[in-house]
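Colleague: I should like to learn how to read a structural model residue by residue. Could we proceed through it together, feature by feature?

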Amino acid sequence: MASATATYGQKESSDQNFDYMFKILIIGNSSVGKTSFLFRYADDSFTPAFVSTVGIDFKVKTIYRNDKRIKLQIWDTAGQERYRTITTAYYRGAMGFILMYDITNEDSFNAVQDWSTQIKTYSWDNAQVLLVGNKCDMEDERVVSADRGRQLSEHLGFEFFEASAKDNINVKQTFERLVDIICEKMSESLDAGDPAVTGAKQGPQLTEQPAPPHQDCAC
């Protein structure tokens, strides 16, 4: 298992293949589609039936944002309660979270508040969070409206997407928006001379640019 430690905004002098490495976690109840979401983004593949994730796993993807090469270390966490102690240990050092629920599962939506509390309890104060209502391709089985998801996200102070790993709706957009928010916050920290951003003064600043508009799922 690779180390879960990643330093926010730190330029890796030993590896010149990227400028920054961001650690991102996908969290939420079991069976909301976290693994499918990760595989769709990292490998552009979809498998309808995944066995529930045991503990934690991750994939790596390198992207370009604001003329910088950014290595994303994306962790797929188990949603079951019995793995909670394991998964929360990985919250430390995460720069971003995708907090996911299933639009066809009321319980997964009701659990969002608890997951949000865990982020606040175990993660870095400046970690950025997006709320994602997954499986919007299953409109006939929807029990959580987009308006409810949006209202909850506003209450929690998160940005909101509805997405579908199966139909590849808003998957890339979700990750890119989260990376943009992290870059914006990092740039603000550099401008403010925040000492918490380890090694940031030695690394180049990221230029803030407006993120492209996104659309909620219209399945």
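Modeller: Certainly. Please bear in mind that this is a predicted model. Let us begin with Asp 67, which is placed in the loop between strand 2 and strand 3.

Colleague: Is Asp 67 buried or exposed?

Modeller: Asp 67 is exposed, its relative accessible area being 73%.

Colleague: How should I read the backbone angle phi at such a position?

Modeller: The general idea is that most residues other than glycine have a negative phi. Here, Asp 67 has a positive phi of about 65 degrees, although it is not a glycine. Asn 66 belongs to the loop between strand 2 (56-65) and strand 3. Asn 66 has a positive phi of about 55 degrees and is not a glycine either.

Colleague: Is Asn 66 buried or exposed?

Modeller: Asn 66 counts as buried, because its relative accessibility is 17% and the cut-off for buried is under 20%.

Colleague: What can be said of strand 3, which follows this loop?

Modeller: Strand 3 (residues 68-77) has eight of its 10 residues buried, so it is largely enclosed by the rest of the structure. Strand 1 (residues 20-28) pairs with strand 3 in the parallel sense, over seven bridges.

Colleague: Which residue stands opposite Trp 75 in strand 3?

Modeller: Leu 25 does. The ring of Trp 75 also has a charge over it: the charged end of Lys 23 sits there, 5.8 Å from the ring centre. In a second case of this kind, Lys 61 lies over the face of Tyr 41, at 5.1 Å from the ring centre.

Colleague: How does one describe two aromatic rings that meet?

Modeller: A pair of aromatic rings is described by the distance of the centres and the angle of the planes. In this model the count comes to seven aromatic pairs. Among them, Tyr 41 and Phe 175 form a stacked pair, with 4.0 Å centre to centre and 10 degrees between the planes. Tyr 41 lies in helix 1 (residues 34-43) and Phe 175 in helix 6 (residues 171-191), so this pair ties together parts that are 134 residues apart in sequence.

Colleague: And how does an edge-to-face pair appear by these two values?

Modeller: Tyr 101 and Phe 109 form such an edge-to-face pair, at 4.9 Å centre to centre and 70 degrees between the planes. Tyr 101 is buried, with a relative accessible area of 0%, and Phe 109 is buried at 9%.

Colleague: What are the surroundings of Phe 175, and which residues does it touch?

Modeller: Leaving aside residues up to four places away in sequence, Phe 175 touches Ile 26, Phe 37, Tyr 41, Ile 74 and Ile 98. Phe 37, Tyr 41 and Phe 175 form one aromatic cluster. Phe 175 counts as buried, at 0% relative accessibility. The C-alpha atoms of Phe 175 and Ile 98 are separated by 8.3 Å, although these residues are 77 apart along the chain.

Colleague: How may one recognise that a helix has a buried side?

Modeller: An α-helix has 3.6 residues a turn, so residues three or four places apart point the same way. In helix 4 (residues 112-122), the buried residues include Val 112, Trp 115, Ser 116, Gln 118 and Ile 119. These five cover an arc of only 155 degrees around the axis, which puts them on the same side of helix 4.

Colleague: Which residues are exposed on the other side of helix 4?

Modeller: Asp 114, Lys 120 and Thr 121 are exposed there.

Methods
Residues numbered from 1 in each chain as written. Predicted model: local features only at pLDDT ≥ 70, side-chain atom pairs only at ≥ 80, totals over all residues. Heavy atoms only, no water. Phe/Tyr/Trp six-rings, centres within 6.5 Å; stacked < 30°, edge-to-face > 60°. Helix = DSSP H or I, 4+ residues; strand = E, 2+ residues; numbered from the N terminus. Buried < 20%, exposed > 50% of the residue type's maximum accessible area, 1.4 Å probe, protein only. Lys NZ or Arg CZ within 6 Å of the ring centre and 35° of its normal. Arc of directions from axis to C-beta. Pairing = 2+ DSSP bridges. Contact = heavy atoms within 4.5 Å.
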